[in-house]
Amino acid sequence: MTLDQLITFLWVSRLGGVRRAAQEMNISQPAVSGRIAALEQSLGTQLFDRAQRGVTLTKKGVLLRDYSEKIVNLVEGIKADIIPAEAEDSLLRVGVAETIVQLWLSDFLSALYETYPKIRVEIVVDVTLNLRQQLLERTIDIALLMGPISDYTVDNMPLPKIPLAWFKPVGRPDPDLSATPVVTYHRNSRPYREIRQQMINRYGPNTQLFPTSSINAGLEMVATGIGVGLFPSRFAKQFVDQGRIEPFDPGWTLSDLEFTASFLGDPRNELCARAAEIAAASATRFLNKT
């Protein structure tokens, strides 16, 4: 019985099949099957019931899963406490919402590389809905997104909240929101749903919303007079400083945007946990200095 066999066993049990475990571990399916067969032979018992749609744990398999999770968590603890950060050379796949990209992503990456100079980082920029799915499908390791993610396998570290403000083209009178197009977040986002409900409740069902997946494009739409918008005030600062847009107060706004650094806690990865802490510290420093 080896650590590689136990780790492979855990991935097969979590993902329900050899093929998905092989994809996650970036090894061949025969290698995964070979490790499971060797583990079953060494223990003298069958760990999985095989079926066309995948595999399920036997009673002995369930017992081994509990032991294996404890062993793997201990190994992660050893790596975190013993291996110097400067020697860590893993790949970290980071999914990021655009709001964070435009605010403090560069600060986070600088702090991350300062702590882990040898790691390799892949960045995926997408809307929160897609990032959540990618994290649960394990195609990214950590997501900086509008959270939290309500799933028992996910750990969520709160990040500083980001306030929203209304903006209009500079020099224009305060608009009548019942007759003015409102530029806002992507259609599949929480801010879009909230502002849509508020607009319907306050002004009726015929209000116009222009959703966009790019906040920068949305602010450009406001600056050119297409409509008004509700966006993070720190994000809009450059446009305000350029004299292209200005804030206004229609008497209401949405609650601050809540972001989390979310990562899989099952299995726990100490690099992801530490990266989440670095993200929270980076966001706090950025928002405090601006």
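At what angle do the axes of α1 and α2 cross? In this predicted model, the two axes cross at roughly 125° and come within 8 Å. The angle makes α1 oblique to α2, and the crossing is right-handed. On the α1 side, the contact is made by I7, T8, W11, V12 and L15; α2 contributes R20, A21, E24 and M25. By residue class, this contact divides into six nonpolar, one polar and two charged residues.

Let me turn to the crossing of α1 with α3. Here the axes come within 9 Å and cross at roughly 110°. Angles from 65 to 115 degrees count as roughly perpendicular, and α1 and α3 are therefore roughly perpendicular to each other. Which hand does this crossing have, left or right? The crossing of α1 and α3 is left-handed. The residues of α1 that make the contact are D4, Q5, L6, T8, F9 and V12, and those of α3 are V32, R35, I36, A38, L39 and S42. Seven of the contact residues are nonpolar, three are polar and two are charged.

I now come to α4, which spans residues 59–82. This helix has 24 residues, and the distance from its first C-alpha to its last is 35 Å, close to the 34 Å expected at 1.5 Å a residue. Which residues of α4 are buried? They are G61, L64, S68, V72 and E76. A general point about helices is useful here: an α-helix has 3.6 residues a turn, so residues three or four places apart point the same way. The partners of these buried residues are α1 (3–15), α3 (29–43), β2 (54–57) and α11 (270–289).

Next, I would draw your attention to R93, in strand β3, residues 91–96. What does R93 touch, not counting residues up to four places away in sequence? The residues are E24, E122, R138, T139, I140, D141 and I142. One of these, E24, belongs to the α2 side of the contact with α1. R93 can also be placed relative to C272: the two are 179 residues apart along the chain, yet their C-alpha atoms are separated by 9.4 Å.

Finally, some remarks on the backbone. As a general rule, most residues other than glycine have a negative phi, and most peptide bonds are trans. Three places in this model deserve comment in that light.

The first place is N26, in the loop between α2 (18–25) and α3. Phi of N26 is near 60°, a positive value in a residue other than glycine. Is N26 buried or exposed? N26 is exposed, because its relative accessible area is 69% and the cut-off for exposed is over 50%.

The second place is R138, found in the loop between α7 (128–136) and β5. R138 also has a positive phi, near 65°. With 9% relative accessibility, R138 counts as buried, since buried means under 20%. R138 has already appeared among the residues that R93 touches.

The third place is the peptide bond that joins G147 and P148. This bond is cis, with omega about 0°. P148 sits in the loop between β5 (142–146) and β6 (154–158).

To close, I return to the opening pair of crossings: α1 is oblique to α2, whereas α1 and α3 are roughly perpendicular to each other.

Note on methods
Residues numbered from 1 in each chain as written. Predicted model: local features only at pLDDT ≥ 70, side-chain atom pairs only at ≥ 80, totals over all residues. Heavy atoms only, no water. Helix = DSSP H or I, 4+ residues; strand = E, 2+ residues; numbered from the N terminus. Expected span 1.5 Å × (residues − 1). Buried < 20%, exposed > 50% of the residue type's maximum accessible area, 1.4 Å probe, protein only. Contact = heavy atoms within 4.5 Å. Axes fitted to C-alpha atoms, helices over the stretch in contact; angles between N-to-C directions. Parallel < 35°, antiparallel > 145°, perpendicular 65-115°, else oblique. Left-handed = near helix turned anticlockwise from the far one by under 90°. Nonpolar A, V, L, I, M, F, W, Y, C, P; charged D, E, K, R; others polar.
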